[in-house]
Structures are given as C-alpha cells and as structure tokens.
Amino acid sequence: MKYEEIQALLERYWEGETSLEEERALKAYFNAGAIDDRLRAEAPLFQALKEEQLIELKTKARSVGLRPQIYQWAAAASVALLLAAGWWMLGKEKNSMPLANQPQPQIPSAMPDPETQHHEVAAVVEPQAPIINKKPAKRRVQPLLSSNQPKIDPETAIAMAEIKAALALVSAKLDKGKKQAVQKASYLDVVEKLPRKKEG
Amino acid sequence: MTWAIFHEQVLPIRHKLYRFALRITGSVHEAEDVVQEVLEKVWKTAPENAENVQNWEAWCMTLTRNRSLDKTRSQSIRRTAPLDGIAEKSSDAYSPAQALESSDLVQRVKAYMQELPDKQRLVMHLRDIEELSYDEIAEALNISMEQVKVNLHRARKTIRDKMVTMVN
C-alpha cells in the first residue's frame, strides 16, 4: 500500500470511521516490515494490537472441555462391561450342559483369561473411539500446521491421560468382575463334584 | 447443546474469552478461572438456554464480562494500570512486558491501553483486538451503539495523544 493510502486510512481510524476490513489492512501494513519512515510513529499501536491478538489461554480450560468427553468414555466403558458380563453369562450357560456330563469341570473355557478379555474390551470400545476422536483430531491438526507452536502437545497429552484413565477404570472393573467370576466358578466346581462323590 | 456444538462454537472462542477476562481482571490466574467457570456454566446450563441463545459467542462474552467484574469487585483486584507506564512487578498480574521481544514503544502503548477508563478500554479491546462489529460490542457490553462509537473514539484519541508525547 502507498503512503497516501495508509495516511488516509489512519486519519479515518483516529476518527473512528474505519471498517473492520480497513482496520485489518492497517494492522497488516504495520506488521509486515516495510514501513514508510513518515509512518513510523504510528507503528507501535498496530504492533501492540497484533501482539495482544496472539495471547492465548494455556491448556487449563482445555481439560474443562474434555470433561464431557470423559462421560462418553464412561458410557463406552459401561457398554463394554455389560457386553463382557453378558458374554460371560452366556458362556456359563452353554458350558453348564457339558459340565454336568464331564467329570472335569470346564472352568478355563467358561472363564476368559485376562488376555482375551482385554482384547474383547478393546474390540468393543474401538468402534466408539473414532466417533469421539475424529473432531478433536481434526481441530488439533489445523493449528499445528498454521502456527508452528508446540502448544498442542500438552493438550494432546491431557487427552491421552484422560483416555488412559478411562481405560484403566474399565480394566479395573473387569479385573474385579473376573475375580468374582472365578469365585463363582469354583462354587460350580464344588457343586458338580458333590453328587458324583455320592454316586461313586 | 451437544458435545459437537460445544466443541465447534464455544471451545474455539476460549482464547477470545480469556483475553477479554484478562483485560478486565488484569490477572492471568483470575482470567483463567473466569474462562473455566464460564465454559462450565455454558455446558451445564446449555439445555435450558439452547432455545434462547442465538449467538453463543455474544452469550459467552457477556458471561465472561459479568464473571470477570464479579471477581474484580469481590476481590478488589487492582488491574495493572501503572501511572508511569511501567508494569507492576507481580508474578500474577498481567503485564504487557511479558512479550520481551517487542519494542519498548510497543510495551508503552499496551500500558496506555490498559490505563484507559473501563468502558473505553473494553470497547477498544473488543474492536481493535477481537475485531467485533459495533453491534456485537454493544451486545457484549450491554450498551448502545452510540456509546460504543463514542467510547471507541475517545479511547483512540487518548492513545494517539499519548503516543505523540511518547515520540516527542
């Protein structure tokens, strides 16, 4: 922009007559570097405005925003729990028939070992995960590209921590469920053996 | 309000809300608290407000302003408005000198802006930093359009006068 144009815009700016677009043009001019010597005295204001525009909230409020996401994870976790419980109950019923005929109770097949159980949970939770994560992921990528600020990393870290916490919760609940299941299964074992002893 | 709406319309303006709160309270910690409280309030009260609120940004700005003023009043926090243009030395206080790379003149202009009377300061902030229309400023500050224009004009005039004496 030429000196005359900027000078005219400035006069209107001081009078409060400029449009937002014209004000943006002034900020752009005074922050671009090549400033006409005759306009140097006005530059600090527009540089100050630009600097103030760049002030950003650190990660703190981000965790507030994530809080509702935790609820969705909790919902996913409870669905996973229900499914896991249902799956176990079904398995127990199916196995109760052959169990009666066989001398060896089939506890291992009725009881999933921790490995497969965790896989099952992962499989159940996974379909939920993309829906929850898609949008935040998109949003994070954009600022990362446009403004080379590593500020995104702590936010991602918070998100990861929250997800980990949610998964830990699921895992803890499953462990508890497993213990109870093992206990119940051992009762079954005893019950199955009792009549046979009498018969024998 | 669904999570998606909250995420797309409210969360992105958190920096704007923060700068606004910072302008009013003059304290980084207070401003952070204000934003956190406002976001929580918007999220919790969204179901009952969903039909009445048409412009979530303006609504959030109003909440931020009210909450910031409450904090400023209740704790009588002095905003950083040093008379000699040198920022107060407080770890918590918002100090324009935080951006060390910018020139001394730029810092002094920031201090001049912070010294403006409340209404002028907020109008100039919303116009020149947040780039809001006169309409939006009037709504956020709950004042008339005429008041917006008058205060903006006065604010810029004060800044200009101080800059002239600064340079000379």
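**Reading salt bridges and a helix**

User: Are Glu131(B) and Lys27(A) buried or exposed?

Analyst: Both Glu131(B) and Lys27(A) are buried. Buried here means under 20% relative accessible area. Keep in mind that the model is predicted.

User: What do the side chains of Glu131(B) and Lys27(A) form?

Analyst: They meet in a salt bridge, at 2.8 Å from N to O. Glu131(B) sits in the loop between α6 (118–129) and α7 (134–141) of chain B, while Lys27(A) sits in helix α2 (residues 20–31) of chain A, so this pair joins two chains.

User: How many salt bridges are there over all chains?

Analyst: The count is 22.

User: How far apart in sequence are the parts tied together by Glu57(B) and Lys16(B)?

Analyst: The side chains of Glu57(B) and Lys16(B) meet in a salt bridge of 2.7 Å, N to O. Glu57(B) belongs to helix α4 (residues 56–74) of chain B and Lys16(B) to helix α2 (residues 14–25) of chain B, so the pair ties together parts that are 41 residues apart in sequence. Glu57(B) is partly exposed, at 24% relative accessible area, whereas Lys16(B) is buried, at 17%.

User: How should I read a salt bridge inside one helix, such as Asp118(B) with Arg121(B)?

Analyst: Start with the general idea. An α-helix has 3.6 residues a turn, so residues three or four places apart point the same way. In this structure, Asp118(B) and Arg121(B) are three residues apart in helix α6 of chain B, or about one helical turn. Their side chains meet at 2.8 Å, N to O. Asp118(B) is partly exposed, with 45% relative accessibility, and Arg121(B) is buried, with a relative accessible area of 4%.

User: Which residues are linked in a network of salt bridges?

Analyst: Glu30(B), Glu37(B), Arg67(B), Asp70(B), Lys71(B) and Arg73(B) are linked in this way.

User: Back to α2(A). What span should its twelve residues have?

Analyst: The idea is to multiply 1.5 Å by one less than the number of residues. For the twelve residues of α2(A) the expected span is 16 Å, and the end C-alpha atoms are 16 Å apart, which agrees.

User: Which residues of α2(A) are buried, and what covers them?

Analyst: The buried ones are Leu20(A), Glu23(A), Leu26(A), Lys27(A), Tyr29(A) and Phe30(A). The cover includes α1 (3–14) and α3 (43–53) of chain A, together with α6 and α8 (145–167) of chain B.

User: What comes just after α2(A)?

Analyst: Gly33(A) follows just after the helix, with a positive phi of about 120°.

Key:
Residues are numbered from 1 along each chain as its sequence is written. Chains are lettered from A and ligands numbered from 1 in the order in which they are written. This is a predicted model: local features need pLDDT of at least 70, side-chain atom pairs count only at pLDDT 80 or more; totals for chains, interfaces and linings use all residues. Side-chain values use heavy atoms; hydrogens and water are left out. A salt bridge is a side-chain nitrogen of Lys or Arg within 4 Å of a carboxyl oxygen of Asp or Glu. Helices (H or I, at least four residues) and strands (E, at least two) are DSSP runs, numbered from the N terminus. Buried means under 20% relative accessible area, exposed over 50%, partly exposed in between (1.4 Å probe, protein chains only). Contact means heavy atoms within 4.5 Å.
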